[in-house]
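Please go through this structure with me, feature by feature.

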Amino acid sequence: MSTATEHWPGPLSAAVSRLCTGLQPQVSERTAAGFAEVLRRLAAPLQVAVAGRIKSGKSTLVNALIGRRVAPTDVGECTRLVTRFQYGTVDRVEVVFRDGSKQAVPFDSDGGIPADLGVDISEVSHLEAYLTNAVLRDLTVIDTPGLGSLDAASVKRTEELLGTGEDADGELDPVSRNAVAGAEAVLYVVTQGVRADDEHALAAFTAATASREAGPVNAIGVLNKADTIEASTVDGADDDVWKAATLLAEQQAGLLKPKVADVLPVIGLLAETAESGRFTAADAEALRELAGLDEATRETMLMSADLFTSWECEVPAGTRTRLLERLDLYGIRCALEAIDAEPDITAGALRRRLRDASGLASVLHRLDTVFRARADGIKAAAALASVTALAHSSGDLGERQRVHDAIEVLLAKPEAHQLRVLEALTLVAAGAVTFPPDLAEEVMRVGSSTDPAEQLGLPGRHRRELVDHALERANWWRSFSSFGATPAQSRIAHVVHRAYFLLWQQLRAG
Ligand SMILES: Nc1nc2c(ncn2[C@@H]2O[C@H](COP(=O)(O)OP(=O)(O)OP(=O)(O)O)[C@@H](O)[C@H]2O)c(=O)[nH]1
Ligand SMILES: [Mg+2]
């Protein structure tokens, strides 16, 4: 296997891969097999699990992210299974059985994974879907089964399933497999009804990441089904659904932090419909007809799903049911308002309006800044954790020492500094090391972006200003680390100082 940087998400992952290849001849066969798996995962796209409670809209969101209605939603046995969506040159789906054997399954007539597979589900480990969709080139999306309050056993099942992952050929023993298992990042789906301190909801989260720590570095939350929030019940929302959703998402973030970087409101259903080609010209026409109804009829119909489909009107009931399934009442209302404002709006423009209303763009942006931009650090950290766990479980003290030493050498390199920043950020976010609020915020900011201006909290400013500011903060954190700080704070201050210093060097050179 080549270790050229372009095969890895970045310089740190490349360094970790060199560490693995270098150590392989010096460790037991069993550990070496584990390293091979670590190497394979390092070169693969970042694995993001979509986790959360039963029926929170995980699969719907997966479809929105991939831009294709491929994950079965609502009913069917597949919603009980882990499905891994990864990039492939030809669309295909495989059932992977517990014994490691595989069987291809055909897509259904709509191009989705069939809700029922026609195989003995108790024998199934998970599904592998290979799709040509470009998003999957640098993100593997894992749909997980929903976990309900009476469903504690599912936690273990998800853990197991994610653990087996692609390694279905049985080369690894269970301990090694567990050491390299788990998604590297999590998109955690909550809905209004879910309390953030619900232990089952959090169990789902832990299950998705298996042996790894989830935190602000590799996890974001979404408050899904924002459209179903009763705005009048939320203080300060002024009867505005999106405002209510934003307020509730902030509350959830307060409860869930530091488990996640942020909680964003989203309407998965609208996002799915707008992104997966499910919104057609015929839908737009039907909406235009509905927009033409008199105000009183319209308002009555929009009062409930029942009234919407059963009320006497020219648009056929079947068409209305279809609209309801794709947009729900909130989406329909959005569309009607868009048509009111611009009667000649095209179907394409209407679709974009619905996409805008779904909040998907912010989720994608966060995925980019939290996950994709950090893929190098996240993957390298996950790989190092696996390497450490593998060495630890080998029982050979000499081997453990060799691995330990190699990791020490790696951590001393400048490219490894981002690991220290991620570590520091996690400690601060978790409250394990406390700082005054403004300093804590600064630590989070430095570690939560790869864009220098954003890291410095000076978006849009001139580079000259950024250079000066980076140096000023580097100096400040250095003196803070030497004077004024507790030992724990001092360690973090040192990391922040160096981050600013490296940033200053980079800005000055660039
Ligand atoms: N109104 C509304 N409905 C949604 C939204 N997202 C998903 N749904 C609906 O909620 C139902 C469940 O969605 P799924 O995507 O299957 O949920 P899930 O979390 O994957 O469910 P399990 O895998 O069975 O746990 C479906 O009928 C979706 O259409 C949303 O944002 N708004
Ligand atoms: Mg599902």
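The dialogue below goes from the whole chain to one helix and then to a helix pair.

Q: What kind of model is this, and how is it numbered?
A: It is a predicted model, in which local features need pLDDT of at least 70 and side-chain atom pairs count only at pLDDT 80 or more, while totals for chains, interfaces and linings use all residues. Residues are numbered from 1 along each chain as its sequence is written.

Q: How many helices and strands does the protein have?
A: There are 21 helices and 9 strands, taken as DSSP runs numbered from the N terminus (helices H or I, at least four residues; strands E, at least two).

Q: What share of the residues is buried?
A: Buried means under 20% relative accessible area with a 1.4 Å probe, protein chains only. Of the 510 residues, 52% are buried.

Q: How covered is helix H3?
A: In H3, residues 58-66, 9 of 9 residues are buried, including Lys 58, Asn 63 and Ile 66. Gly 67, just after H3, has a positive phi of about 80 degrees.

Q: How are two packed helices described?
A: By the angle between their axes and the distance between the axes. Here H2 (residues 29-43) and H15 (residues 375-392) pack at about 170 degrees, with axes 10 Å apart; axes are lines fitted to C-alpha atoms over the stretch in contact, and angles run from 0 to 180 degrees between N-to-C directions. H2 and H15 are therefore roughly antiparallel, the term for angles over 145 degrees.

Q: Which residues make the contact?
A: Among them are Phe 35 and Val 38 of H2 and Ala 383 and Leu 390 of H15, where contact means heavy atoms within 4.5 Å.

Methods: Chains lettered and ligands numbered in written order. Heavy atoms only, no water. Buried < 20%, exposed > 50% of the residue type's maximum accessible area, 1.4 Å probe, protein only. Parallel < 35°, antiparallel > 145°, perpendicular 65-115°, else oblique.
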